Amino acid sequence: MTEARGTTAPPARHTPGTPCWVSLMVHDPAATQEFYGSLFGWEFVPGPQQLGPYVRALLGGQDVAGIGRLPADRHLPVAWTPYLASDDIDQTAESVRLCGGTVGVGPLDAGDAGRLVIGSDPSGAVFGVWQAASHLGTSVAGVPGTPAWHELLTFETVSVAKFYETVFGCEAEPVGSADLDYATLQVGGRPVAGLHGVGHALPRDRGPHWMTYFEVADVTASARLLTDLGGHVLAAPHDSPHGRVATVADPEGARFSLIENPH
């Protein structure tokens, strides 16, 4: 992770290319809601049902994330998926295909909320695209329980950076270090996500994938609570240049990171 963001709330409409939403599809939504409600203080309200049962997670009445039910006949990994904003999702979907990615779902209308695509980049990492209508996406940031950063763990950054630059109009900015393959995706000169090339250090059972960092007030306390709630700590809390972090998984195995004071 690099280049922490400020504490101001995001704008009403997310600029194309910026992460605007994060969603989790699971086998047991009720148990998952109980887990994240206890961990982050989220409350839940019904969301668009186009992909099956779905709820929006709220914090202080503001949208944070989404949780839905995986179709019983689909053997898909349980994983947090970031959605990048688009003003023309049909054109974005075509660009994904032309640039070597795959469109797995959509473009699909989600009621009056907006339109979505779920795709994967050329390395196989799954991401979403959201064209907002009534639902603008995550509307609160900079407080515990909200997404703080999204980072793609991949084999190498150069080729995959070109994909996101071309499809979403981002600019990739390499982080200058001889022993670190890292770049930030920037929109309007502001870092909005990270690309981390880790080569063969990728988990064999995962492959390239996006990782969401959620802000917490105290990483050690949150990791302990997560364990009590049935989650698992994959990388113990430790200090980083951008705050204290831990890599964890929820009871169904969805991996994410906790970060303290990322500002």
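**Exercise 1. Decide whether Phe 256 is buried or exposed, then find its link to Tyr 36.**

At 0% relative accessibility, Phe 256 is buried. Buried means under 20% relative accessible area, exposed over 50%, and partly exposed in between (1.4 Å probe, protein chains only). This is a predicted model: local features need pLDDT of at least 70, side-chain atom pairs count only at pLDDT 80 or more, and totals for chains, interfaces and linings use all residues. Residues are numbered from 1 along each chain as its sequence is written, and side-chain values use heavy atoms, without hydrogens and water.

Next, search for ring pairs. The whole structure has 18 aromatic pairs. Rings of Phe, Tyr and Trp (its six-membered ring) pair if their centres lie within 6.5 Å; planes under 30 degrees apart are stacked, over 60 edge-to-face, the rest tilted.

Tyr 36 and Trp 42 are stacked, at 5.5 Å centre to centre and 15 degrees between the planes. Both Tyr 36 and Trp 42 are buried. Tyr 36 and Phe 256 have centres 5.7 Å apart and planes at 50 degrees, so this pair is tilted. The pair joins distant parts of the chain: Tyr 36 lies in helix 1 (residues 29–40), Phe 256 in strand 16 (residues 255–260), 220 residues apart. Helices (H or I, at least four residues) and strands (E, at least two) are DSSP runs, numbered from the N terminus.

**Exercise 2. Explain why Cys 99 has no bond to Cys 170.**

A disulfide needs two cysteine sulfur atoms within 2.5 Å. The closest cysteine sulfur to that of Cys 99 is in Cys 170, 12 Å away, so it is too far for a bond. The structure holds 0 disulfides.
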